[in-house]
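Reader: I am in my first year and would like to look closely at one part of this model rather than skim the whole. Could you take a single helix and go through it slowly with me?

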Amino acid sequence: MNDSMSVVDVLLVEDDPGDALMTQEAFEHHKIRNQLHVVRDGVEALEFLRREGEHADAPRPGLILLDLNLPKMDGREVLAEVKADQSLRSIPVVVLTTSEAEEDILRSYNLHANAYVTKPVDFDRFIEVVRQIDDFFVTVVKLPR
């Protein structure tokens with residue numbers, strides 16, 4: 001188990017402002033101490049992860065929550081880039097998307113996603129799913145530093 005006093009930086013890659021807000025509210029509702037950082041597209045996600053441009057001082061996230069349907073560069077491309085990059089591949093990536101398509105699930109796992117979660121449409125269920133993801137990947141699982 002991770003040290004209960006440590007705070008993990010979580011990168012949310014989400015272009016839908018409503019879904020980003022619900023995720024932020026889930027963190028607040030469950031008093032999740034981890035720091036949530038939000039970027040709106042795949043290009044910005046890679047800039048954040050590689051600490052480029054305006055994200056030069058970005059922390060290295062311990063977990064990435066990744067939507068698949070993103071502008072500029074979709075989540076599948078981001079996932080492929082992250083898992084191909086020696087310095088980023090150890091960061092767990094949870095695909096958090098509306099797609100229930102079998103081909104998206106299979107492709108995400110083939111690209112080495114650590115988990116695939118379909119976003120619930122119900123607000124309370126969505127908040128609970130985010131809490132469970134955080135609890136599992138941050139409290140139960142031992143993450144690399």
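Author: A residue is called buried here when its relative accessible area is under 20%, whereas over 50% it is called exposed, and in between it is partly exposed. The model is a predicted one, and the part to look at is helix α2, which covers residues 42–50.

With that cut-off in hand, the buried residues of α2 are Gly42, Glu44, Ala45, Leu46, Phe48 and Leu49. An α-helix has 3.6 residues a turn, so residues three or four places apart point the same way. As for what lies over the buried residues of α2, the cover includes the strands β1 (9–13), β2 (35–39) and β3 (63–66), together with the helix α3 (75–84).

The two ends of the helix each have a detail to look for. At the start of α2, a side-chain oxygen of Asp41 comes to within 3.0 Å of the backbone nitrogen of Val43, while just after α2 the residue Arg51 takes a positive phi of about 55 degrees.

Asp41 and Val43 also lead to a loop elsewhere in the chain, since both are in contact with Lys72 when the neighbours of Lys72 within four places in sequence are left aside. Lys72 is found in the loop between β3 and α3, and because its relative accessibility is 71%, Lys72 counts as exposed.

From the start of the helix we can turn to the nonpolar core. The largest nonpolar core has 23 residues, of which Val13, Leu49, Ile64, Leu66 and Val82 touch the most other members; Leu49 is also one of the buried residues of α2. At least two residues of this core come from each of β1, α2, β3, α3 and β4 (93–97), and α2 gives the most, with four residues.

Val13 is a good residue on which to follow these links outward. Apart from its neighbours within four places in sequence, Val13 is in contact with Val39, Asp41, Ala45, Ile64, Leu65, Leu66, Asp67 and Leu70. Among these contacts of Val13 are Asp41 and Ala45, the former having its side-chain oxygen by the start of α2 and the latter being buried within the helix. Apart from the core just described lies another, of 21 residues, which includes Leu65, Val94, Leu96 and Ala115.

Methods: Residues numbered from 1 in each chain as written. Predicted model: local features only at pLDDT ≥ 70, side-chain atom pairs only at ≥ 80, totals over all residues. Heavy atoms only, no water. Buried < 20%, exposed > 50% of the residue type's maximum accessible area, 1.4 Å probe, protein only. Contact = heavy atoms within 4.5 Å. Polar contact = N/O pair within 3.5 Å; in protein donor to acceptor, adjacent residues only side chain to side chain. Core = buried A, V, L, I, M, F, W, Y, C linked by side-chain atoms within 4.5 Å.
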